[in-house]
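Visitor: I'd like to look around this protein with you. Can you tell me how you know what you say about it?
Guide: Sure, let's pull it up and go through it bit by bit.
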Amino acid sequence: MPGRYQDIYAQSIDDRETFWADAANALSWDKKWDKVIDLDAKPVPRWFAGGMVNTCYNALDRHIEAGRGGQNALIYDSPVTDTVAHYTYNELRDEVAKLAGAMRARGVGKGDLVIIYMPMIPQAAMAMLACARIGAIHSVVFGGFAAHELATRINDAKPKLILSASCGIEGSRVIAYKPLLDRAIDQATHKPETVFVWQRPQATAEMVPGRDFDWADECAAASPADCVSVAATDPLYVLYTSGTTGQPKGVVRDNGGHMVALHWSMKNIYGVSAGDVFWAASDVGWVVGHSYIVYAPLLAGCTTVMYEGKPVGTPDAGAFWRVISQHGVKALFTAPTAFRAIKRDDPNAELMKNYDLSCFEALYLAGERSDPDTLQWAERHLQVPVIDHWWQTETGWSICANPRGIELMPIKYGSPTVAVCGWDVRVVDEGCHEVPRGKIGALVAKLPLPPGTLPTLWQNDERFVSSYLAEYPGYYATGDAGFIDEDGYIYVMSRTDDIINVAGHRLSTGAMEEVLSGHQDVAECAVIGVHDDLKGQVPLGFLVLKAGVNRPDEEVVAEVIAMVRDQIGPVAAFKQATVVDRLPKTRSGKILRRTMRSIADGESYKTPATIDDPAILPEITTALRDIGYAREAAES
Ligand code: COA
Ligand code: AMP
């Protein structure tokens, strides 16, 4: 790792207290920290212990006081409603303060939890910031999740208030959100006291008297709320993410460390400063949306773009180029799958020629492995650096990136480049011994983790420790496998668990299996992620039916597909399943999902020595070939 970055990185590891204190001094504190890092805190060390802050103040009011009140803070670009709207820092602060006042008037205060179930409209960002303003903890649930998933999160988070909207718009379809929310509240054992609904013109939500209130009316009647000082270590939000079971993990983010890390990342990783236009084409329901649509660009005084549309079809594969040129976007962050969709519809990027992209400086990709083909296609057509970076919901910002703001390092295709400042990434074997360079193992990070990373799971220290800290003592287990090369470049190859990545969305095959097992005719099942040219991976189900079931397989398959859509949501993209006589297992009864995936993807595979009955693998291969998979699969 040669050059300027090496020195800065070395300081971040060898003298982390000075490094992060310097970064923290760029922000405004109600009271400075007692300790930059409290190494004795449990279950993990805590950053800026003793400090008092307000994240919303730092994201909005601070810039207004510095004279940026008239600058655009947020541009809402919605091809699906044919709308472009601009909010200056003054306007955004005023909207946020009014909503915060309305929530306060309904009894929400410091430490209360608020669920946000919203489409990609400015009110979603306002909702997050309004919670931060009064010290309430938000938990955003992605709109593509169905009622049951929402109910699971309501039960775990126990919100006092839910903020929602009448509908989302997916391409040309209007998706009514309120009936989904009503069903979720019916199913949940915990009941929120209050619901605010933002009525959109495309659908009118029916209101439950006494519980549901019109968002706009509530704000009109409210007096604006000021920022409330909270401890740097207090939670800012909880964001649920897929674990290996149907019970999602509530990743907790604190105020102080989060604010410092994200602010630092904008300049040093993304190369943008106050006044620049930054666009993360994601959704506020995901961590990318939390960090890089809402918090980081605003903490840095940038203008953030909130895009309610798709990379293709709204109206065409030129949509991204239109947004970049119309709003003067300097850096774009999206998932590789969005570029695969654009490349598929417009292979020679003809539509790019209609737009002036001279403002554009760099493209950042994350959320799934960037395939070199797509990355090179983007480089060739955009003629700017295309930077793959690796991170997770848990980490809140990147573990590994090309630190373009400090020094653009040579790009190696297939690698998200090097460890980011504060991250001491290692590769270890099952016994927690470091493996030689170039050898694949578990990717882990030496504790303490840098600021901004999860301090625990929502009200569940035990699960936090068992999920992330117990397996490799002294290290955080990322759940990814990969290797580090001679130059210190990190390669992220696959997950070590049953999590799959569908169109940049993280999903649990375990959660889907729980749904399939709930079908009356299913005796046993397995779900694996198989390769998909557009979405990277898609789920595929295997069903073993109960003895005596005498119905066409297609009927059961159609029913389980509908069940996953109904219980998890359309975002699971669970559209295929096949009925088999039995599943391949080890002698101890563990289903051989990895072998099944290799066969489905047409790779060569080894029959595991622990397999109970090797004769099952040819049966599985035949079943997969019948539905178009496993063409080239062969035993090696
Ligand atoms: N509310 C309701 N439904 C939603 C939704 C939302 N917020 N988001 C997605 N869905 C639905 C979609 O309508 C689709 O439903 P369908 O099965 O009826 O068609 C399903 O969930 C799957 O959605 P998606 O994964 O977005 O697939 P798609 O086929 O509609 O679009 C891409 C494919 C590649 C264009 C799209 O996935 C994309 O733009 N990806 C960008 C990556 C991204 O934003 N990643 C986030 C992390 S950085
Ligand atoms: P999420 O929590 O939804 O952001 O998903 C995190 C997971 O996505 C990681 O653990 C990786 O498996 C995968 N991922 C994210 N970014 C990358 C990347 N740049 N390269 C490879 N895998 C990635």
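Guide: One thing up front: this is a predicted model. Now, ask away.
Visitor: How do you know that Ala 442 stands opposite Ala 481 in β25?
Guide: That pair belongs to a neighbouring set of strands: β24, residues 441-446, runs antiparallel to β25, residues 475-484, and five bridges join them. Pairing takes at least two bridges, so these strands count as paired. Within that pairing, Ala 442 faces Ala 481.
Visitor: What makes the sheet with β23, β24, β25 and β26 an open one?
Guide: The order is β23-β24-β25-β26, with antiparallel pairing. β23 (425-428) and β26 (490-495) each have a single partner strand, so one side of each has no neighbour in the sheet. On average, neighbouring strands are turned by 50° against each other, ignoring direction.
Visitor: Which residues are closest to the centre of the second largest pocket?
Guide: Asp 424, Val 425, Arg 426, Arg 437 and Ile 484, out of 16 lining residues. The pocket holds about 250 Å³ of space, and β23 gives the most to its lining, with three residues. By class, the lining has nine nonpolar, two polar and five charged residues.
Visitor: Why does the pair between Val 571 and ligand 1 count as a polar contact?
Guide: The cut-off is 3.5 Å between N or O atoms, and a backbone N or O atom of Val 571 lies 3.4 Å from an oxygen atom of ligand 1, so the pair qualifies. The side chain of Arg 565 has an N or O atom 2.7 Å from a ligand 1 oxygen, and for Lys 575 the distance is 2.8 Å.

Note on methods:
Residues numbered from 1 in each chain as written. Chains lettered and ligands numbered in written order. Predicted model: local features only at pLDDT ≥ 70, side-chain atom pairs only at ≥ 80, totals over all residues. Heavy atoms only, no water. Helix = DSSP H or I, 4+ residues; strand = E, 2+ residues; numbered from the N terminus. Axes fitted to C-alpha atoms, helices over the stretch in contact; angles between N-to-C directions. 1 Å grid on protein atoms, 1.4 Å probe; cavity = no way out; pocket = protein on both sides within 12 Å on 5 of 7 lines; lining within 4 Å. Points joined across faces, edges and corners; volume = space filled by probe spheres on them. Nonpolar A, V, L, I, M, F, W, Y, C, P; charged D, E, K, R; others polar. Polar contact = N/O pair within 3.5 Å; in protein donor to acceptor, adjacent residues only side chain to side chain.
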